[in-house]
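User: I'd like to learn how to read a model like this one, feature by feature. Can you walk me through it?

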Amino acid sequence: CSILGRSAEELSQLTFQEVTHPDDLQIDLELQRELKDHTRDHFTLDKRYLRPDGTAVWGRLTVTLVRDHDGKPMHYVTMIKDITARRNIDTLQDLYDNAPCGYYSLDASGTFVQINETSLQLFGARREDLIGRRSPRDFFTAEGQQRFREVFTQFMQEGVFGPEEFDLLAADDQRRRISVTATALRDEQGR
């Protein structure tokens with residue numbers, strides 16, 4: 001009930017079609033039909049539900065059709081788990097990974113802990129060669145490496161940096177000029 005923002009009484013007066021997002025209704029109906037036709041005995045579906053205010057929430061729906069001894073449908077057993085937060089994280093991760101500009105995250109020592117596809121192309125390197133092993137400073141010119149050391153300490157104290165340009169000497173032997181802007185994400189202790 002709380003997932004859908006409705007009382008039990010409200011839900012008892014609605015069909016699942018009325019609370020299902022229109023883009024997800026067809027697959028839901030098809031799976032229900034397969035249950036009735038004995039093609040399957042249960043199904044699980046990630047789908048959107050509509051709240052009374054029109055907003056959509058994601059739920060993982062699991063449905064089983066209970067039959068009597070003669071195989072006739074008696075009732076459904078249904079469970080819905082709220083997966084909205086997980087879907088939002090997946091969406092953000094997809095945006096991060098496929099952004100048209102480079103993004104990467106560093107640990108307190110300046111080593112890569114996460115990097116998106118655009119940054120991998122800029123650095124001319126593979127993810128497994130960077131994560132936990134290398135720093136952006138490894139790809140800068142000598143002047144850029146010195147500047148990185150100076151500003152990284154300041155960045156760790158203040159939590160913001162840039163924009164500032166660096167010359168990048170990529171692993172694929174290409175030289176590129178990049179602009180770097182950074183914001184620190186800190187835990188509850190401010191680290």
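User: Let's start with Phe 166: is it buried or exposed?

Analyst: Go by relative accessibility, where buried means under 20%. This is a predicted model, and in it Phe 166 comes out at 3%, so it counts as buried. Phe 161 counts as buried too, because its value is 13%.

User: How are the rings of Phe 161 and Phe 166 arranged?

Analyst: For ring pairs, look at the centre distance and the angle between planes; anything that is neither under 30 degrees nor over 60 is called tilted. Phe 161 and Phe 166 form a tilted pair, with 6.4 Å centre to centre and 45° between the planes.

User: How many aromatic pairs turn up in the whole structure?

Analyst: The search gives nine. Take Phe 152 and Phe 155: their planes are at 40° and their ring centres 6.0 Å apart, so that pair is tilted. Both residues sit in helix H7 (residues 142-158), three residues apart, which is about one turn of the helix. Phe 152 and Phe 155 are both buried.

User: Which residues make up the aromatic cluster?

Analyst: One cluster takes in Phe 140, Phe 148, Phe 152, Phe 155, Phe 161 and Phe 166. Phe 148 is another resident of helix H7, and with a relative accessible area of 7% it is buried.

User: What does Phe 148 touch, leaving aside its neighbours within four places in sequence?

Analyst: With those neighbours set aside, Phe 148 is in contact with Leu 106, Ser 135, Pro 136, Arg 137, Phe 140 and Phe 166. For a sense of scale, Phe 148 and Gln 32 are 116 residues apart in sequence, and their C-alpha atoms are 59 Å apart in space.

User: Now the sheet. What is the strand order?

Analyst: For a sheet, read the order first and then the direction of each pairing. Here three strands form an open sheet in the order S1-S2-S3, with antiparallel pairing. Strand S1 (42-50) and strand S3 (73-82) are at the edges with a single partner strand each, so one side of each has no neighbour in the sheet. From one strand to the next, the twist averages 30°.

User: How many bridges join S1 to S2?

Analyst: Nine bridges link S1 with strand S2 (residues 56-67), the two running antiparallel. Within the sheet, Leu 45 stands opposite Leu 61 in S2. S2 and S3 also pair antiparallel, over nine bridges, and there Thr 62 faces Met 79 in S3.

User: What connects S2 and S3?

Analyst: They form a hairpin, with five residues between the strands. In the turn, Gly 71 has a positive phi of about 85°.

User: Which helix lies across the sheet strands?

Analyst: That's H3 (residues 22-36), lying across S1, S2 and S3 and running at about 155° to S1.

User: What sits over the ring of Trp 58?

Analyst: For this kind of feature, check where the charged group lies relative to the ring centre. The charged end of Arg 87 sits over the Trp 58 ring, 3.6 Å from its centre.

User: Last one: where in the protein chain is confidence lowest, and where is it highest?

Analyst: Where pLDDT is low, predicted coordinates shouldn't be read in detail. The protein chain averages 89, and 98% of the residues score at least 70. Helix H4 (residues 84-97) has the lowest confidence, with a mean of 80, while H3 has the highest, at 94.

Conventions: Residues are numbered from 1 along each chain as its sequence is written. This is a predicted model: local features need pLDDT of at least 70, side-chain atom pairs count only at pLDDT 80 or more; totals for chains, interfaces and linings use all residues. Side-chain values use heavy atoms; hydrogens and water are left out. Two strands pair if DSSP finds at least two bridges between them. Helices (H or I, at least four residues) and strands (E, at least two) are DSSP runs, numbered from the N terminus. Axes are lines fitted to C-alpha atoms, for helices over the stretch in contact, and angles run from 0 to 180 degrees between N-to-C directions. Contact means heavy atoms within 4.5 Å. Rings of Phe, Tyr and Trp (its six-membered ring) pair if their centres lie within 6.5 Å; planes under 30 degrees apart count as stacked, over 60 as edge-to-face and the rest as tilted. Buried means under 20% relative accessible area, exposed over 50%, partly exposed in between (1.4 Å probe, protein chains only). A charge sits over a ring if NZ of Lys or CZ of Arg is within 6 Å of the ring centre and within 35 degrees of the ring normal. pLDDT is the predictor's confidence in each residue, from 0 to 100.
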